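Please look through the sequence and the three-dimensional structure shown here, and then follow the report below, which takes up charged pairs and nonpolar cores in turn.

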Amino acid sequence: MTHSARRLYELLEPICLVTYVADECNEELAALGHRTYWDGYFASRAAPLGRVPAQVVHAAFYSFADGEAARHIPSAWQTIPPEASVAARERGSAASLRRILGEELADSPGLVRAADLTTKAATNAPTEGRVMYAGMRALPVPNDPVARLWHSATMLREHRGDGHVAALVGARIGGTEAHVLSALEQGIYPPESFGRIHHLPKNRLAAVMDGLRERGLVDTEGHFTDAGRETKQRVEALTDELAAPPYDALSPGELDELVTELEPITATLVAAGSR
């Protein structure tokens, strides 16, 4: 089942990515009045949690540097209700999927079946310890198959993300440290140039690198050590293990069917870069 969780992550992630890299979602959020991409991002992704303070969003998202959530929460909700941001995110994401997939694939029986099976998995996992996933579970599941596929894929993404946070906490890897290790795994060097962290103050990045060196996870030049690579692999393996419970709801035949139906959808999205 751990292998299935990794395979389904690879197949579902391009569906979720349209929210963050395609134009339609950002346009929908901007039309509501969100001033920047990040205002819309924080407002719409955190909205299922309710009107919680920035500290809660920071804790749940985990990977953002101190103070980043507070630049957008709660100000992004002061004139735009969270519910409106959630609805705009869904509309924009579904519109992106329809455009990229094209009418034939978006309206195909295979996509409907993929949406049904993804929803079955996404709505049958325990919520305990899964804050972001529980928030998404509280939202209504869309009727439209394309929107339902995006919504359920995003539920599973948040479920996996909650487990990933647990794995990082257990390994004593903070959010910024996690980005450094991910950058190195992707072959990005120096890791401080990674797009998710390159904007942080140089002294903050230097302190993070020093801490990783002291723990023996990176060497003096900022490359992986064997211990660092093993730690990253251990975190990813545990993330896969913790991401498996939703798929217990599917029979082996349904798992195979879901993979089969998702493959052409994912291939089309990957070819387009989910844009």
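## A buried aspartate and its exposed partner

Asp39 counts as buried in this predicted model, because its relative accessibility is 3% and the cut-off for being buried is under 20%. Its salt-bridge partner is Arg35, and the closest N and O atoms of Arg35 and Asp39 are 3.2 Å apart. Arg35, however, is exposed, with a relative accessible area of 67%, so this pair joins an exposed residue to a buried one.

Side chains of opposite charge can pair when their charged atoms come close. A search of the whole structure finds 21 salt bridges, and the pair of Arg35 and Asp39 is one example of such a bridge.

## Glu236 and its two partners

Which parts of the chain does the salt bridge between Glu236 and Arg6 tie together? The closest N and O atoms of Glu236 and Arg6 are 3.2 Å apart. Glu236 belongs to helix H11, residues 226–242, whereas Arg6 belongs to helix H1, so the bridge ties together parts that are 230 residues apart in sequence. Glu236 counts as buried at 16% relative accessibility, while Arg6 is partly exposed, its relative accessible area being 24%.

Glu236 also forms a salt bridge with Lys232, and here the closest N and O atoms are 2.9 Å apart. Both residues lie in helix H11, and because they are four residues apart, they are separated by about one helical turn. Lys232 counts as buried, with a relative accessibility of 6%. Through salt bridges that share partners, Arg6, Arg160, Glu185, Lys232, Glu236 and Asp240 are joined into one network.

## The nonpolar cores

The largest nonpolar core contains 40 residues, and the members that touch the most others are Ile15, Tyr247, Leu262 and Ile265. Several helices give two or more residues to this core, namely H1 (2–21), H5 (82–106), H6 (109–122), H7 (131–137), H8 (145–170) and H12 (252–271). Helix H1 therefore appears in both parts of this report, since it holds Arg6 and also contributes to the largest core.

What does Ile265 touch, once residues up to four places away in sequence are left out? Its contacts are then Ile15, Leu101, Leu105, Leu111, Ala114 and Leu149. A second core, separate from the largest one, has 23 residues, among them Ala167, Leu181, Leu184 and Leu217.

Technical notes: Residues are numbered from 1 along each chain as its sequence is written. This is a predicted model: local features need pLDDT of at least 70, side-chain atom pairs count only at pLDDT 80 or more; totals for chains, interfaces and linings use all residues. Side-chain values use heavy atoms; hydrogens and water are left out. A nonpolar core is a set of buried Ala, Val, Leu, Ile, Met, Phe, Trp, Tyr and Cys residues joined through side-chain atoms within 4.5 Å. Buried means under 20% relative accessible area, exposed over 50%, partly exposed in between (1.4 Å probe, protein chains only). Contact means heavy atoms within 4.5 Å. A salt bridge is a side-chain nitrogen of Lys or Arg within 4 Å of a carboxyl oxygen of Asp or Glu.
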